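Subject: Structure handover

Hi,

Here is the structure for your set-up. My notes follow below it.

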Amino acid sequence: MTSMDDIMTAFTTEDLSSISPTPTADYDDEYPDLMCDRASVREFRSHYEPPLFWLIVVVGGAGNLAVVWIYLNFRRRLKTMTDVYLLNLAVADLLFLITLPLWAAEASHGWSFGSALCKVNSALYKVNLFSSMLLLTCISVDRYVVIVQTTKAQNSQAERRRCSLLVCVGVWLLALLLATPELVFATTTSQEYSQEYCRMVFPSNLGNRTKILVLSLQVSMGFCLPFIVMAFCYSVIVAKLLKTRNFQKHKAMRVILSVVVVFVVSQLPYNGVLVMEAVQASNMTMTDCEDWKRFDKVGQVLKSLAYMHACLNPFLYAFVGVRFRHDVLRLLRVCRCQSPANKSQLSKSCRSQLNSTRASVMSDSDTSQVLSL
């Protein structure tokens, strides 16, 4: 039987999906039969994106760096598959955050960093998208195994840890492969007033079919497949929780509900925009200039909603994950004790806290695999 502690611990670190749509896809397509001045869209973007992107960078950077620091310093070895996945997820979010300042600069005054950096930045964008989504899929599968197939999980702990490392290598390699179109087709192009923008430019012999293929790949691998796997795993877990006679099961179910709701609310709207873009590239269903402008502005807002994953994930770890929250508090105490004011003359209280931290770190090796979160 799975104990309620095991069930609750499996949900102490929550994850949001990571969708990273191509940033310039909002108004980078030029249709010869639809002449439309999108200056108002560029004006909207120049005022809307830079402050929001920098806010996401600051908040998300601090949170994800804390996640990486805690895993590397307070958990001397990563004891579960989900531990490994969450560390890689934080790294993927940091890679995503690195790209945002450049996109913010482009929104303000165009792209001035050259074609090579345009390709690299666009590729990092997609690597984050696919690696994050695949890692979240792996986390949902691991939780399914730990809670639903408890005996199997307990009998293969060491094997599953080794497997998680191989899975992460495979995830990153697959993400790099799926980001190949950005490395091939992303380049700089001039628009009005000789300003350059970084966007996907497909050869005339490939046309819209390539764009449709790229968008379809992003929606299917970046949303549909992970959603199907997560929906199956979490629905089975909920069914098992309903059979558990413990009041804490309600908390676990609220955690599951929050994961699914945040996933759908943050990612479904923008994926709908991407589907509409693919349909538009296929048969030009939208021909009115004002409709295009409204569509572009809505796409900008929904894209920003999808980007919030990078700064929400760490805070969900802190507020939902009990052990992770304790690690954050220990980190703050250690930083306070090692500040310049205390570095030369540690107080007795600080020494006690540091010793307690070391003891807590060492005792982690004695805990079960499931409780390492």
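The structure holds 6 salt bridges. A salt bridge here is a side-chain nitrogen of Lys or Arg within 4 Å of a carboxyl oxygen of Asp or Glu. This is a predicted model: local features need pLDDT of at least 70, side-chain atom pairs count only at pLDDT 80 or more, and totals for chains, interfaces and linings use all residues. Residues are numbered from 1 along each chain as its sequence is written, and side-chain values use heavy atoms, with hydrogens and water left out.

Salt bridges

Arg45, Glu49, Glu106 and Lys303 are linked in a salt-bridge network. Within it, Arg45 pairs with Glu49, the closest N and O atoms being 2.8 Å apart. Both sit in helix α2 (residues 39-73), 4 residues apart, so about one helical turn separates them. Helices (H or I, at least four residues) and strands (E, at least two) are DSSP runs, numbered from the N terminus.

Glu49 also meets Lys303 in a salt bridge, at 2.7 Å from N to O. Lys303 lies in helix α10 and Glu49 in helix α2, so this pair ties together parts that are 254 residues apart in sequence. Arg45 and Glu49 are buried, and Lys303 is buried too. Buried means under 20% relative accessible area, exposed over 50%, and partly exposed in between (1.4 Å probe, protein chains only).

Another salt bridge joins Glu182 and Lys126, with closest N and O atoms 2.9 Å apart. It links distant parts of the chain: Glu182 is in helix α7 (residues 180-185) and Lys126 in helix α4, 56 residues apart. Glu182 is buried at 1% relative accessibility. Lys126 is buried at 2%.

Cysteines

There is 1 disulfide, a term that means a pair of cysteine sulfur atoms within 2.5 Å. Cys118 and Cys198 form it, their sulfur atoms 1.9 Å apart. The link is right-handed, with 85° about the S-S bond. Cys118 is in helix α4 (residues 114-148) and Cys198 in strand β2 (residues 196-200), 80 residues apart. Cys118 is buried at 0% relative accessibility, and Cys198 is buried at 1%.

What about Cys138: which cysteine sulfur is nearest to it? That of Cys168, 7.0 Å away, and Cys138 is in no disulfide. The distance between the sulfurs of Cys168 and Cys138 is too far for a bond. Cys138 is buried, at 18% relative accessible area. Cys168 is buried as well, at 4%.

Helices α3 and α4

Helix α3 (residues 81-109) has 29 residues; at 1.5 Å a residue it should span 42 Å, and its end C-alpha atoms are 44 Å apart, which agrees. The expected span is 1.5 Å times one less than the number of residues. α3 is mostly covered, with 23 of its 29 residues buried. Just after α3, Gly110 takes a positive phi of about 85°.

For the 35 residues of α4, the expected span is 51 Å and the end C-alpha atoms are 51 Å apart, which agrees. In α4, 26 of the 35 residues are buried, so the helix is largely enclosed by the rest of the structure.

Val91 lies in helix α3. Val91 is partly exposed, at 34% relative accessibility. Leaving aside neighbours within four places in sequence, Val91 is in contact with Val68 and Trp172. Contact means heavy atoms within 4.5 Å.

Lys297 and the nonpolar patch

Lys297 is in helix α10 (residues 289-307). Lys297 is partly exposed, at 30% relative accessible area. Not counting residues up to four places away in sequence, Lys297 touches Ser40, Val41 and Phe44. The C-alpha atoms of Lys297 and Tyr48 are separated by 9.9 Å, with their positions 249 residues apart along the chain.

Leu257, Val261, Val265 and Leu305 make a nonpolar surface patch of about 330 Å². Patches are made of residues with over 30% relative accessible area and no salt bridge: like charges are joined within 9 Å, nonpolar side chains (Val, Leu, Ile, Met, Phe, Trp, Tyr) within 5 Å. Accessible areas come from the Shrake-Rupley method with a 1.4 Å probe; for residues, only the protein chains shown count as cover. Helix α9 (residues 249-283) gives the most to the patch, with 3 residues. Leu257 is in helix α9 and is exposed, at 54% relative accessibility.

Whole chain

The protein chain has 14 helices and 2 strands. Of its 373 residues, 52% are buried. The chain exposes about 17,100 Å², and carbon and sulfur atoms supply 66% of that.

Best regards
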